[in-house]
Amino acid sequence: MPNRLANETSPYLLQHADNPVDWWPWSPEAFAEARERGVPVLLSVGYSSCHWCHVMANESFEDELSAAYMNEHFVNVKVDREERPDVDAVYMEAVQAATGQGGWPMTVFLTEDAEPFYFGTYFPPEPRHGMPSFMQVLEGVRTAWVGRREEVAEVAGKIVRDLSGRQLDYGKAGTPGAEELAQALLGLTREYDAVRGGFGGAPKFPPSMVLEFLLRHHARTGSEGALQMAADTCEAMARGGIYDQLGGGFARYSVDREWIVPHFEKMLYDNALLCRVYAHLWRTTGSDLARRVALETADFMVRELRTEQGGFASALDADSEDPVSGEHVEGAYYAWTPAELREALGEEDGELAVAYFGVTEEGTFEHGKSVLQLPQDGPAADADRVAGIKARLLAARDGRPAPGRDDKVVAAWNGLAIAALAECGAYFERPDLVERATEAADLLVRVHFDVASGKARLARTSRDGQVGPNAGVLEDYGDVADGFLALASVTGEGVWLEFAGFLVDLVLDRFTAEDGSLYDTAHDAEKLIRRPQDPTDTAAPSGWTAAAGALLSYAAHTGSDPHRTAAERALGVVHALGPRAPRFIGHGLAVAEALLDGPREVAVVGHPEDPDRAVLHRTALLGTAPGAVVAVGLPRAADGSGGEFPLLAERTLVHDLPTAYVCRHFVCARPTTDPVELGEQLGTVRP
């Protein structure tokens, strides 16, 4: 008999709709039920592609005895962290404060007033490695609730007071300058893994936003060390098992520091961010590897994550059905034995594939299987032969049971994908990628925007073309605005600048404190025990730094002083955290590089059918100046305006030829009709 989750739209919640646990979605009714019954709330937070979420579900939530105890003594609430990042953030902060670590699945016990008093993540069905069993935890919480209710209330009240006292005030910290960014680079150098690339030890995550900062820092300062760290890390990841050598795209992270064995889930945000980084690395260096990986990752997103409505799904699962055992196991879709390669390719090509992809008899993963890599010392092989081998292996892999897909469309992550695909399409002359970006943007406008109700907002998610019930958070507004701004620069369609302006105006109106600090939720959002406010960049840009970047770019496009001032105040967090924790403020550092460089404002005018305008436009987009914004269109309108792009106002042709104008810090360079001169004004560009 399905539980209350059967009517939800989240694929993660629907995975639990047939559990014997009487799950509730996050709702006032759930807490009213707890109050009426006099029992605590068990809050379980996860997401559909989370491996250990599936493990705990199989072990405990599908177990009749565990479920019966949960139903009798708790009101059980299940939350998809991707749908409700605000709920996740508030309680994850409490878990980390209490235990020193966090992760998913997250298990939190709450009072009927939603105040947390006991925390954890994954709990096994039996005591293991010093962890109590899940049933022991349930019984212990139940005993405390019944026998020590006053103590529970006191603990919960103290936790809420401690969380409430963590108000951030970075709006007055000052704008980051060259000194803070140099200190951030020095800090990254200390943590850099010079042998394997990346930062820190295992598990090792792709540092996409830090890499973007390093590329921008190199562009602004000429630092060869910054470029070397970025290039070497990108090559190490692209050669490692974290990158899908057959189908393109990156897994979530590597369980080892050598990038060999990934945690196999593939997230839209990782791939969108990394696609853009590799495209920018190619723009800087001309690296063939960077070009290949950028395009393969773009094609992966379009092929495997694009929905029928034109948006992009959130993730592919780590687990899939093993063709031999029939069990759902991690990595079954991606790993190979030498025998499997020979079976798919024949003896001769199979032996080449074994050596070329670093597959061993012992295996680099589990059960004698290996994750495909490109070892530095692998055999040289004819490119056409390798391409044929990869195509045949991909076809063979397509015959395996595929990982599940979480097909909900998250606004923020689609904003990241729009920016990546639009830029890749422009750089590599792939108009189909620009079309896919435009279709995703169209979906967000049609389905996620709500302006007719009189309460303007951006919805967080949709699925199958139907909007979800949850309001967008700050990262949605910041990332979607940034995606629209990138699309405007690539397509020359000013409507995307207008939509971005709508979003950044809502950031100013609904998410900004008087001191310039930013909140993750709007002023009129559901009241939680604390209003979430996290400026740190982790797996994706924080709402705080994403909004700062969008505000800065919009101000460069329009000359709006209020938007630039808001961006500068928001970047106070980079002034404070950049020198101390650069790995966790990477996007903020990248935005700060744009601020120091201007950012430069580029206007390209000419007639659309003139191929020389297209050359100037592509040259402008390929400029490496950090955060430069580009407007392209017809020369000055008859009324002297710039039409949809303010940067085009008063811009005329020089000698009746398509012309580019570059300005920064209220000073303009000489208008030019020469792509080479334009490239020099914007940094080194590749042909």
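Let me start with cysteine 234, which counts as buried because its relative accessibility is 1%. Please keep in mind that what we are looking at is a predicted model. The closest cysteine sulfur to that of cysteine 234 belongs to cysteine 275 and lies 12 Å away, which is too far for a bond. Cysteine 275 is in no disulfide either, and the nearest cysteine sulfur to it, that of cysteine 424, is 3.4 Å away. Since a disulfide here requires two cysteine sulfur atoms within 2.5 Å, you can see how that distance is judged. Cysteine 275 also counts as buried, with a relative accessibility of 0%.

Which cysteines, then, are joined by disulfides? By this rule the count comes to two, and, with bonded cysteines numbered along the chain, the pattern is 1-2, 3-4. One disulfide links cysteine 50 to cysteine 53, with 2.4 Å from S to S; this link is right-handed, with 80° about the S-S bond, and both of its cysteines are buried. The other joins cysteine 663 to cysteine 668 at an S to S distance of 2.0 Å, and this link is right-handed as well, with 100° about the S-S bond. Here cysteine 663 is buried, at a relative accessible area of 4%, whereas cysteine 668 is partly exposed, at 49%.

Let me turn finally to the surface, where Asp442, Glu493, Glu498 and Glu644 form a negative patch. Of these residues, glutamate 493 sits in the loop between α18 (474-491) and α19 (495-510), and it counts as partly exposed because its relative accessibility is 37%.

Definitions and conventions
Residues are numbered from 1 along each chain as its sequence is written. This is a predicted model: local features need pLDDT of at least 70, side-chain atom pairs count only at pLDDT 80 or more; totals for chains, interfaces and linings use all residues. Side-chain values use heavy atoms; hydrogens and water are left out. Patches are made of residues with over 30% relative accessible area and no salt bridge: like charges are joined within 9 Å, nonpolar side chains (Val, Leu, Ile, Met, Phe, Trp, Tyr) within 5 Å. Accessible areas come from the Shrake-Rupley method with a 1.4 Å probe; for residues, only the protein chains shown count as cover. A salt bridge is a side-chain nitrogen of Lys or Arg within 4 Å of a carboxyl oxygen of Asp or Glu. Lys and Arg count as positive and Asp and Glu as negative; His and the chain ends are not counted. The place of a charge is taken as NZ of Lys, CZ of Arg, CG of Asp or CD of Glu. Helices (H or I, at least four residues) and strands (E, at least two) are DSSP runs, numbered from the N terminus. Buried means under 20% relative accessible area, exposed over 50%, partly exposed in between (1.4 Å probe, protein chains only).
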